[in-house]
Amino acid sequence: MMPSRCRQPVLALLLAAAFAAPAGAATAATPATATPIPHTITHEDVWLMKRVSAPVPSPDGKWAVVSVTEPAYDSKEQWSDLWLKSLTDDTPARRLTFSKGGEGGASWSPDSRQLVFTAKRDGDDATQLYRLDVAAGGEAQRLTTLTLGARLPKWSPDGKQLLFTSDIFPGNASEADVKQSAKERKERKTSARAYESFPPRYFDRWLDDKQVRLFVMDAQPGAVARDLLAGSKLAALPGFGGAQGDDGQSLDALWTPDGKAIVFAAATNRNEAASTPTITQLYSVALAGGEPQALTADEHSYHAMQFAPDGKTLFSLTEAETKGKVYDLTRLASLPWPVGKAQPAILTAGLDRSIARYALPDGGKRVYFSYEHAGLEQLHSMAYDGGALRDEPSAATGSINALRAGGKALVGVWESSINPPELVAFHGAQPKRLTDFNTARAAAIDWQAPEHFWFQAADGRRIHNMLIKPPGFDPHKKYPLFAVIHGGAAAMWRDQFVLRWNYHLLAQPGYVVLLTDYKGSTGYGEEFARAIQFDPLKGPADELNQAVDAAIKQYAFIDGDKLAAGGASYGGHLANWLQATTTRYKAIVSHAGEMDLVMQWGTSDSIHNRETNSGGPVWSDLPVWREQSPVMQAGNHDKGTGFLTPILISVGELDYRVPANNALMNFATQQRLHVPSKLLVFPDENHWILKGENSRYFYNEVHGWLAKYLK
């Protein structure tokens, strides 16, 4: 492998007629020399597929840069680098960076010659900004040395400055203050944490007192970064903040077309998250600083803003945050720019689907977007001012999982359950695949695309399902059925390549896998997703049981006497409910599954939506809190109607979304009732199992548990 951060004049080389790939680095379009004999899928096949992030097209529409992770079972051996792909010819993608640390947040300069990105290098404690001259080549230059790092960089329209997100500690007015505060916290002799607002922890970490801010600096090494929100009344509000993520809070922000101000989305009621939805509104702040001005003031949340190429319209995704409702569609909104006194126009008000992502290529004045429906996510468009929706050329299967525009180019990432993610261009009669990071490995696997089918549930709803067949499938044989339940519940089974619960790897020992979108799922309209309200477990579980009946009736190769069910997160909740209320399954698998509604309300990192879903607080006299808690159905054991099925329970100790006490209560209940049960605890995992060897162990345990009771 080449030394870390070795560079060449990449753009010039790519423009040449031919070039050699770096030693040890695969290009993204290696031609196949022979058709391999398909083999049964292995964990290595799943885990070692390259992971392709959202592409970032250049403003001139000629290039796209994409981050590609080359996974390894030992995280120290994993590589994640930037690759460059021409959008004007079929030249294979070429690696831009060579660093195990990995890069992210790439952003092109307006002249399409330079990139700025975030990375941890040379002993960085936090991610910093680096600039790479793609056209001329050479080493990437570090631009920042901030104590708390920098993330989400964006170039100014004139290419002279950078906008980015960073943090401060309370009371800090300069980088020197931040450094001093960090030093004081490191030297504290107590390890206590203190909180005065909810939540104290998020997903897999305890929160600290850092405060998110927007900074601007000249796009030069050593330039001083300036806090645009310093001294503002808005940022001083106790509920001010942005979206919480793995790297802390982020403020969704972008430059105005004239480069004189910044538009951003922020909340002012984060400190009330225990009792009300967190709402993000749009603001603008002058480049010179000063008090931000509100652009919206309603009961919607706004995010993912983009300006139209002509600078005359500001687009955004938005949710209505309807009081008392458990789910609201994500819609596409627009505002004239400058905003003045105009109110946002909801362009997709007539579309009963949530917009997943959108892009604004030059020319044509159309906005392109995708939304989920029946296992797929495909491309559509409409005019800037709304009007009729138009279906755009999309693959007949699979899902778009990224969509970006640069110049007239429209690019994204497409995948299906048997086609791991690749970069694609959307133009012409069909999308065009641009890379081959995973095609050779995928072609060598014996797997089939999902089969889609519908049935009508007892309540009249039409329910969509996908069926996954095992390798070496023979329609004349009988196969056990494993009903796998998606999380959410506001989610949808998609025809996509899945790492954590890979459909085909679960089917590998010889099972048919059933994937059902029960009520509460997305992709079927707002009413369908809201139908779970006041019925958090029973109704969806009834539809899952009906889906199993429908599959057995429709497919003669399913052995109706050998059934299993399992899932993770909300899928784990439903798995626990099935184990508590029916004995039709021979085995149950529950990962990160809720066992008691009251306990989950009191220990998770999100509680308001749980109250909304159940109809009121836990101290109310609403029966749902008791009647739909799996543990409260333990009396079914003595009746012979539940708590008899052998269950495999797993959990990550760092899971604060569905805390580990749920798994412990579940295991205690099973042991108390003498039900065959096994508890797997992963001390170094969160809500998901993300480490390679842990994942391999988990799949082996699941396969072993199913084999014990189905074969």
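Here is a quick briefing on the protein chain shown above. Keep in mind that this is a predicted model. The chain has 711 residues, and 56% of them count as buried. Its secondary structure comes to 15 helices and 41 strands. With a radius of gyration of 26 Å, close to the 27 Å from the globule rule for 711 residues, the chain is as compact as a globular protein of that length.

**Overall build**

- If you lay the C-alpha trace along its principal axes, it spans about 70 × 65 × 60 Å.
- Take the contacts between residues at least 6 apart in sequence: 59% of them join residues at least 24 apart.

**Surface and charge**

- The accessible surface of the chain adds up to about 29,400 Å², and carbon and sulfur atoms account for 51% of that.
- There are 72 positive and 77 negative charges on the chain, and the mean positions of the two sets sit 2 Å apart.

**Aromatic pairs**

- Searching the whole structure turns up 24 aromatic pairs.
- One of them is Tyr195 with Trp206: the ring centres are 6.2 Å apart and the planes meet at 35°. That angle falls between the 30 and 60 degree cut-offs, so the pair counts as tilted.
- Tyr195 sits in the loop between helix H3 (175-187) and strand E12 (201-202), while Trp206 belongs to strand E13 (residues 205-206), so this pair ties together parts that are eleven residues apart in sequence.
- Tyr195 has 32% relative accessibility and counts as partly exposed; Trp206, at 35%, counts as partly exposed too.
- Trp447 and Phe497 make an edge-to-face pair, with 6.4 Å from centre to centre and 80° between the planes.
- This pair links distant parts of the chain, 50 residues apart. Trp447 is in the loop between helix H5 (439-443) and strand E34 (451-456), and Phe497 is in the loop between strand E36 (479-485) and helix H6 (503-507).
- Are Trp447 and Phe497 buried or exposed? Trp447 has a relative accessibility of 12%, which is under the 20% cut-off, so Trp447 counts as buried. Phe497 is buried as well, with a relative accessible area of 12%.

**An aromatic cluster**

- Which residues form one aromatic cluster? They are Phe453, Phe473, Tyr479, Tyr555 and Phe557.

Notes. Residues numbered from 1 in each chain as written. Predicted model: local features only at pLDDT ≥ 70, side-chain atom pairs only at ≥ 80, totals over all residues. Heavy atoms only, no water. Helix = DSSP H or I, 4+ residues; strand = E, 2+ residues; numbered from the N terminus. Rg over C-alpha atoms; globule rule 2.2 N^0.38 Å. Buried < 20%, exposed > 50% of the residue type's maximum accessible area, 1.4 Å probe, protein only. Contact = heavy atoms within 4.5 Å. Areas by Shrake-Rupley, 256 points an atom, 1.4 Å probe, with all protein chains shown as cover. Lys, Arg positive; Asp, Glu negative; His and termini not counted. Charge placed at Lys NZ, Arg CZ, Asp CG, Glu CD. Phe/Tyr/Trp six-rings, centres within 6.5 Å; stacked < 30°, edge-to-face > 60°.
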